[in-house]
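The following exercises concern one structure, which is shown below. Each task is followed by a worked solution.

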Amino acid sequence: MKGMMQHRPLLISNILEYAAEAHAKAEIISVRTEGDIHRQTYPQTLRRVYQLANALQGLGVQLGDRVATLAWNGYRHFELYYAISGQGAVCHTINPRLSAEQLIYIVNHAEDKLIFVDTTFVPILQAVRSELPADLRFVIMTDRAHMPENTLDALCYEELLVDQPESFDWPEFDENTAAGLCYTSGTTGNPKGALYSNRSTVLHAMMVGLIMGQSIPEEARVLPVVPLFHVNAWGIPYASPLLGHSLVMPGGALDGENLFKLMDQENVFSAWGVPTVWMGLLGEIQKQGRKPSGFSDVVVGGSAAPRKMIETFEKMGVNVGHAWGMTEMSPIGTHGNMPKWVKDLPFDQMVDVKAKQGRRAFGVQLKIIDDNGQRVAHDGKAVGELYVRGNTIVSGYFNNPEASAKAVDGDGWFGTGDIASIDQNGILTIQDRSKDLIKSGGEWISSIDLENVAMAHPGIAACAAIAMPHPKWDERPVLVAVAAGADKPALDDIHTHMSEHFAKWQLPDDVIWVEALPLTATGKVSKLTLRQQFADYQLPDLR
Ligand code: ADP
């Protein structure tokens with residue numbers, strides 16, 4: 001027997017209409033490429049989104065068309081999210097930090113009709129224009145006065161909006177209609193496109209809303225440092241409007257000094273981003289001897305939050321939520337909201353739990369599989385590959401039958417490529433990415449564990465543990481590290497510091513000092529680059 005309830009499609013356009021009605025005072029505050037700070041409420045944003053939707057129709061955008069963005073976090077980028085997806089087109093966010101080769105591949109593969117671009121990134125497009133489709137059109141996201149000279153024959157964003165009606169009848173379509181497209185960075189092979197639907201995006205927004213609602217009050221200001229060009233800024237632009245948060249959009253100023261200033265001025269309550277960004281902010285906090293005013297909550301994800309970072313934030317009264325996910329998961333999989341019994345633990349033990357990746361979000365199922373394909377117990381000890389399943393997880397990749405065929409197993413589970421365990425309380429620990437694990441003498445060593453403990457050494461500011469080939473042991477761990485001060489600690493000293501947590505055979509064979517660690521397009525330490533950079537390196541006992 002079927003239930004007798006209405007079925008309304010879950011559409012992205014509903015989110016902003018709701019925010020404009022229910023949270024009319026909340027604002028989007030943006031650092032603009034024009035150099036100033038801009039503010040508009042959700043009702044004002046909705047009116048501009050209507051104008052933009054009309055303009056897009058005028059440019060011939062139709063259901064299913066891909067419309068791309070190459071932009072910082074700001075209100076115009078936010079408007080594009082809603083105007084594009086609201087009318088059934090696909091908002092294809094492009095990461096400006098990709099190589100020219102990847103950018104060309106992605107735009108051609110997605111068959112974008114239009115690209116909206118911030119003034120900052122105009123040169124990137126000009127440099128590759130001849131390799132992009134001839135009929136592609138460009139819109140620069142500024143007003144007439146700030147339009148840069150360009151060879152793109154580009155339209156002007158603000159001019160598109162002028163004289164457009166401040167109302168728009170959103171078409172009603174199937175909730176499974178594609179809404180967003182985000183390509184994975186593709187450390188191997190070509191990038192692959194995760195194609196989100198209206199339904200998956202709305203469900204993800206409600207899921208993230210449940211998580212945010214536990215620690216961020218209505219009317220609080222939320223700063224997504226995580227870019228709108230990477231997995232929809234972890235869903236914040238859809239979840240925060242539901243909860244009545246104001247959004248503080250940082251534009252391109254993402255260094256510690258600028259972030260501190262912005263957070264301080266705008267009284268940001270909660271900020272979200274990858275660990276490398278927080279390294280910068282913590283440096284500035286240390287310099288100033290205080291945290292930005294109002295700063296109470298930080299979400300760290302994208303790669304493992306170093307234990308020392310969690311400890312430092314918690315000591316200054318900033319609640320840390322450690323989240324795990326991936327592009328293919330919209331991206332949230334687990335989050336760091338903790339039950340009271342964890343918060344009540346002695347400080348060091350509480351930090352130990354927060355260094356784990358937290359509990360699954362409702363709607364995301366997790367399972368761990370051993371080498372024989374058997375499901376292992378959630379006992380905190382058994383380790384294996386992590387698989388996920390749910391309404392916010394990809395079933396395949398855009399226009400890529402080969403990768404799609406391998407995306408999920410027969411029961412619909414998606415293999416994450418992460419090695420993990422889950423304990424009796426449902427708390428996930430990511431041991432490593434399978435390709436980053438270090439295999440020595442038939443035993444695995446977690447690079448994340450090595451990095452966590454090494455980074456707690458006062459002489460080490462940042463580090464990465466990578467595997468080096470060894471004829472007898474297969475692989476041996478080596479630390480690539482950035483020194484915290486002028487004096488670089490000796491390897492013996494680092495070993496003494498680490499030996500409390502590791503057996504002797506697990507300790508790194510060497511430390512290589514570098515000025516900075518290479519980062520990927522999404523701001524994570526690039527182990528691939530490190531492995532290439534030190535391809536000719538020889539371990540001390542082999543020299
Ligand atoms: P990319 O593959 O381009 O880096 P993603 O952002 O989708 O794109 O990366 C997802 C991966 O990042 C995960 O599979 C996992 O290995 C890693 N990751 C994300 N969050 C965490 C975390 N909190 N701890 C450890 N690893 C993480």
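**Exercise 1.** In which loop is the place of Glu219?

Solution. Glu219 sits in the loop between α7 (198-215) and β10 (221-224); helices (H or I, at least four residues) and strands (E, at least two) are DSSP runs, numbered from the N terminus. Next, consider its backbone: phi of Glu219 is near 75°, a positive value in a residue other than glycine.

The model is predicted, so local features need pLDDT of at least 70 and side-chain atom pairs count only at pLDDT 80 or more, while totals for chains, interfaces and linings use all residues. Residues are numbered from 1 along each chain as its sequence is written, and side-chain values use heavy atoms, with hydrogens and water left out.

**Exercise 2.** Describe the peptide bond from Ser330 to Pro331 and locate Pro331.

Solution. The bond is cis, with omega near 5°. Pro331 belongs to the loop between β15 and β16 (332-335).

**Exercise 3.** Characterise the surroundings of the ligand.

Solution. Begin with the shell: 17 residues surround the ligand, and Ser185, Ala323, Thr327, Asp418 and Arg433 come nearest (near: a heavy atom within 4 Å). By class, the shell has five nonpolar, nine polar and three charged residues (nonpolar: Ala, Val, Leu, Ile, Met, Phe, Trp, Tyr, Cys and Pro; charged: Asp, Glu, Lys and Arg; polar: the others, Gly among them).

Then take the individual atom pairs. A backbone N or O atom of Thr327 lies 2.6 Å from a ligand oxygen atom, and a polar side-chain atom of His230 is 3.1 Å from an oxygen atom of the ligand. Finally, β15 (324-325) and β21 (427-433) are the elements that give two or more residues to the shell.

**Exercise 4.** How are α1 and α3 oriented to each other?

Solution. Helix α1 (residues 12-22) and helix α3 (residues 75-86) pack at about 130°, with axes 8 Å apart. They are therefore oblique to each other (neither under 35 degrees, over 145, nor 65 to 115). The contact (heavy atoms within 4.5 Å) joins Ile12, Ser13, Ile15 and Leu16 of α1 with Phe78, Tyr82, Ser85 and Gly86 of α3.

How values were computed:
A polar contact is a pair of N or O atoms within 3.5 Å; within protein, one must be able to donate a hydrogen and the other to accept it, and residues adjacent in sequence count only if both atoms are side-chain atoms. Axes are lines fitted to C-alpha atoms, for helices over the stretch in contact, and angles run from 0 to 180 degrees between N-to-C directions.
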